[in-house]
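Here is a guided tour of one protein, written to be read with the structure open beside it. Please take a first look at the fold before reading on.

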Amino acid sequence: MNTRLSVSIGFVLGLVFSLFVIGFAFKIAAPTMFFKEIKSGYNFEKTVNLIEKRINNQKGWHVTDIIDQQKEILQNGGVDVGKVKIIKFCNAKLSGDMLSKDHSKFMSVKMPLSISVYEKDDGEVIIGLMNGYIMARLFSGTTEGDIMEDVVKDIESIMSFLHFRFSIF
């Protein structure tokens with residue numbers, strides 16, 4: 001077998017193996033990369049009320065709805081999932097900037113933003129949210145990315161009572 005063919009085969013096999021390893025690593029890391037869970041030091045209702053108040057006090061932001069997911073599921077024939085509330089919130093200026101161009105209207109699928117508060121079986125109260133830092137990095141260098149960076153800063157400010165900062169992991 002000639003050297004050029006051996007190198008080519010080695011390169012292709014190395015590339016395929018690398019893609020497999022990267023895909024496997026991504027699958028393992030994705031849940032903690034894209035979603036964040038923060039332990040609350042408060043009870044369920046106080047956590048919901050505190051987040052609602054902090055959102056409404058953050059310049060430009062307001063709560064649009066608080067969904068009692070437990071109640072919604074039970075009323076429609078589902079099983080009791082325990083205490084789960086989803087806080088929907090919006091910033092009209094940032095949303096307007098994001099949706100003012102046709103090429104970024106697809107971002108409306110994640111509007112208004114959501115933070116969930118839920119109680120685990122052991123009574124631990126958890127705050128769940130998407131990792132805005134990852135989204136901002138994915139759109140880095142674009143108008144959407146710039147807007148998402150502003151959103152990330154504001155959410156970190158809202159969640160600062162828990163000393164929360166977004167990160168890759």
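A contact here means heavy atoms within 4.5 Å. With that in hand, residues 24 or more positions apart account for 67% of the contacts in the protein with a separation of 6 or more. Please keep in mind that this is a predicted model. Of the 169 residues of the protein, 33% count as buried.

**The overall layout**

The protein has six helices and five strands. Following the chain along its sequence gives the pattern α-β-α-β-α-β-α-β-β-α-α. The five strands make an open sheet, ordered β1-β5-β4-β3-β2, with antiparallel pairing. Which strands stand at the edges? They are β1 (35-39) and β2 (61-68); each has a single partner strand, so one side of each is left without a neighbour in the sheet. From one strand to the next, the twist averages 25°.

Two helices that lie across strands of this sheet are worth finding next. Helix α2, residues 44-57, lies across β2, β3 (84-91), β4 (113-119) and β5, and runs at about 155° to β2. Helix α4, residues 92-99, lies across β2 and β3, at about 70° to β3.

**Around strand β5**

Let us turn to β5 and its partners. Strand β5 covers residues 125-130 and is joined to β1 by five bridges, the two running antiparallel. On its other pairing, four bridges join β5 to β4, again antiparallel. Is β5 mostly covered or uncovered? It is mostly covered, with five of its six residues buried.

Several opposite positions help to set the register. In β1, F35 stands opposite M130 of β5, E37 faces G128, and I38 is placed opposite I127. From β4, S116 also stands opposite G128 in β5. G128 thus appears in both pairings, opposite E37 and opposite S116.

Strand β1 itself has two faces: K36 and I38 make up the covered one, while F35, E37 and K39 make up the uncovered one.

β4 and β5 form a hairpin with five residues between them, and G123 in the turn has a positive phi of about 90°. Another backbone detail comes ahead of β4: a cis peptide bond joins M111 and P112, with omega of about -10°. P112 lies in the loop between α4 and β4.

**Salt bridges**

How many salt bridges does a search of the whole structure find? It finds five. Among them are the three in this table.

| Side-chain pair | N to O distance |
|---|---|
| K120 and E37 | 3.8 Å |
| K85 and E45 | 3.4 Å |
| D102 and K105 | 3.9 Å |

In the K120 and E37 salt bridge, K120 comes from the loop between β4 and β5 and E37 from strand β1, so the pair ties together parts that are 83 residues apart in sequence. K120 is partly exposed, at a relative accessible area of 34%. E37 belongs to the uncovered face of β1.

The K85 and E45 salt bridge links strand β3, where K85 lies, with helix α2, where E45 lies, so it ties together parts that are 40 residues apart in sequence. Is K85 buried or exposed? K85 is buried, with a relative accessible area of 17%. The cut-off for buried is under 20%, and K85 at 17% is therefore in that class. E45, in turn, is partly exposed, with 37% relative accessible area.

For the pair D102 and K105, D102 counts as exposed at 66% relative accessibility. K105 counts as partly exposed at 37%.

**Two helices packed together**

Two packed helices are described by the angle between their axes and the distance between the axes. For α4 and helix α6 (residues 143-158), the angle is about 160° and the axes are 10 Å apart. Angles over 145 degrees count as roughly antiparallel, and α4 and α6 are therefore roughly antiparallel to each other. Their crossing is left-handed. On the α4 side, the contact is made by L94, D97 and M98; on the α6 side, by E144, I147, M148, D150, V151 and D154.

Definitions and conventions: Residues numbered from 1 in each chain as written. Predicted model: local features only at pLDDT ≥ 70, side-chain atom pairs only at ≥ 80, totals over all residues. Heavy atoms only, no water. Pairing = 2+ DSSP bridges. Axes fitted to C-alpha atoms, helices over the stretch in contact; angles between N-to-C directions. Salt bridge = Lys/Arg side-chain N within 4 Å of Asp/Glu carboxyl O. Buried < 20%, exposed > 50% of the residue type's maximum accessible area, 1.4 Å probe, protein only. Parallel < 35°, antiparallel > 145°, perpendicular 65-115°, else oblique. Left-handed = near helix turned anticlockwise from the far one by under 90°.
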